[in-house]
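Biologist: Hello! Could you walk me through this chain, one question at a time?

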Amino acid sequence: HNTVKEAKMIELDEMMVNIAKQYLPKMSNCSDIVDSADSCFDDPRAELLLEDARPYFIDRYGPSKVKESNGLFDVVVVDALDPEEDNEVSTKLYTDGDFLNSLYAALSDEGVMVIQVGTAPNIHDPRADRGVYAKREKMFNMLEKHPQTAAMLVYEEAHCGF
């Protein structure tokens with residue numbers, strides 16, 4: 001967007017970035033933005049950090065950290081592993097209160113957060129707090145109870161899975 005002053009992408013998997021650059025160049029095409037590089041990855045406003053975003057936020061915005069010295073975000077987009085994946089990384093991303101608190105602490109006063117939360121359950125699935133959707137439900141509960149959640153808009157459609 002032409003009003004963006006800086007953008008920071010934090011990605012753990014460098015190979016994924018390289019594959020995206022090579023095979024999905026249209027996804028990072030900034031050639032239609034005045035004074036921008038052809039590839040958003042090459043734009044001077046863009047900063048790519050190849051590291052784990054969870055410790056990045058906890059280390060900089062967790063308890064007892066001076067948030068303003070680290071810079072605050074107007075928008076935080078979390079697009080990570082699906083919560084229904086059965087692994088430690090997914091569990092930590094979607095059930096760790098310290099991580100969620102650090103995301104909120106990283107936001108400016110008018111900041112917004114967008115979180116990709118996997119596929120939507122359908123009527124044939126067990127209760128949301130059971131089975132493969134338990135981590136997703138726990139994150140929803142943490143978000144709903146968090147004092148900094150001003151609004152929570154959820155788009156779900158049972159046919160959205162791939």
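Here are some questions and answers about the predicted model shown above.

Biologist: Let's begin with the big picture. In what pattern do helices and strands follow one another along the sequence?

Modeller: The chain of this predicted model has five helices and four strands. Its C-alpha trace spans about 50 × 40 × 25 Å along the principal axes. Read along the sequence, the order of helices (α) and strands (β) is β-α-β-α-β-α-α-β-α.

Biologist: Thanks! What percentage of the residues in the chain is buried?

Modeller: Let's look at the surface before the inside. The chain exposes about 11300 Å², and carbon and sulfur atoms supply 53% of that area. A residue counts as buried when its relative accessible area is under 20%. Of the 162 residues in the chain, the buried share is 28%.

Biologist: Among contacts between residues at least 6 apart in sequence, what share joins residues at least 24 apart?

Modeller: Here is one pair to picture: Val75 lies in strand S3, residues 73-78. Val75 and Leu107 are 32 residues apart in sequence, with their C-alpha atoms 7.1 Å apart in space. For the chain, among contacts between residues at least 6 apart, the share that joins residues at least 24 apart is 63%.

Biologist: Now for helices H2 and H4. At roughly what angle do their axes cross?

Modeller: Two packed helices are described by the angle between their axes and the distance between the axes. H2 covers residues 53-61 and H4 covers residues 97-105. H2 passes H4 in a left-handed crossing. Their axes come within 8 Å and cross at roughly 65°.

Biologist: How many nonpolar residues does the contact of H2 with H4 have?

Modeller: From H2, the residues taking part are Ala53, Arg54, Phe57, Ile58 and Tyr61, and they meet Asp98, Phe99, Ser102, Leu103 and Ala105 in H4. Sorted by class, the contact has two charged residues, one polar residue and, to answer you, nonpolar residues numbering seven.

Biologist: Which two residues does the disulfide join?

Modeller: A disulfide is a covalent bond between the sulfur atoms of two cysteines. A search of the whole structure finds one disulfide. With 90° about the S-S bond, this link is right-handed. Its sulfur atoms are 1.7 Å apart, and the residues joined are Cys30 and Cys40.

Biologist: Is Cys30 buried or exposed?

Modeller: Cys30 and Cys40 are both in the loop between helix H1 (14-23) and strand S2 (46-49), 10 residues apart. Cys40 has 25% relative accessibility, so Cys40 counts as partly exposed. The relative accessible area of Cys30 is 7%, and because this is under the 20% cut-off, Cys30 is buried.

Biologist: Let's stay in that loop. Which residues does Ser28 touch, not counting those up to four places away in sequence?

Modeller: Ser28 has its place in the loop between H1 and S2. At 11% relative accessibility, Ser28 counts as buried. Leaving out residues up to four places away in sequence, its partners are Asp38, Ser39, Cys40 and Phe41.

Biologist: What is phi of Asp35 near?

Modeller: Asp35 is found in the loop between H1 and S2. Its relative accessibility is 77%, so Asp35 counts as exposed. Most residues other than glycine have a negative phi. Asp35 is a residue other than glycine with a positive phi, near 65°.

Biologist: How far apart in space are Pro25 and Ala46, C-alpha to C-alpha?

Modeller: Pro25 is another residue found in the loop between H1 and S2. With a relative accessible area of 46%, Pro25 is partly exposed. Pro25 and Ala46 are 21 residues apart in sequence, and their C-alpha separation is 16 Å.

Biologist: Last one! Is Lys135 buried or exposed?

Modeller: Lys135 lies in helix H5, residues 134-145. Leaving aside neighbours within four places in sequence, Lys135 is in contact with Pro83, Glu85, Asp86, Asn87, Ser90, Thr91, Tyr94 and Thr95. Its relative accessibility is 14%, and since the cut-off is 20%, Lys135 counts as buried.

How values were computed
Residues are numbered from 1 along each chain as its sequence is written. This is a predicted model: local features need pLDDT of at least 70, side-chain atom pairs count only at pLDDT 80 or more; totals for chains, interfaces and linings use all residues. Side-chain values use heavy atoms; hydrogens and water are left out. Axes are lines fitted to C-alpha atoms, for helices over the stretch in contact, and angles run from 0 to 180 degrees between N-to-C directions. Helices (H or I, at least four residues) and strands (E, at least two) are DSSP runs, numbered from the N terminus. A crossing is left-handed if the near helix is turned anticlockwise from the far one by less than a right angle, and right-handed if clockwise. Contact means heavy atoms within 4.5 Å. Ala, Val, Leu, Ile, Met, Phe, Trp, Tyr, Cys and Pro count as nonpolar, Asp, Glu, Lys and Arg as charged, and the others, Gly among them, as polar. Buried means under 20% relative accessible area, exposed over 50%, partly exposed in between (1.4 Å probe, protein chains only). Accessible areas come from the Shrake-Rupley method with a 1.4 Å probe; for residues, only the protein chains shown count as cover. A disulfide is a pair of cysteine sulfur atoms within 2.5 Å.
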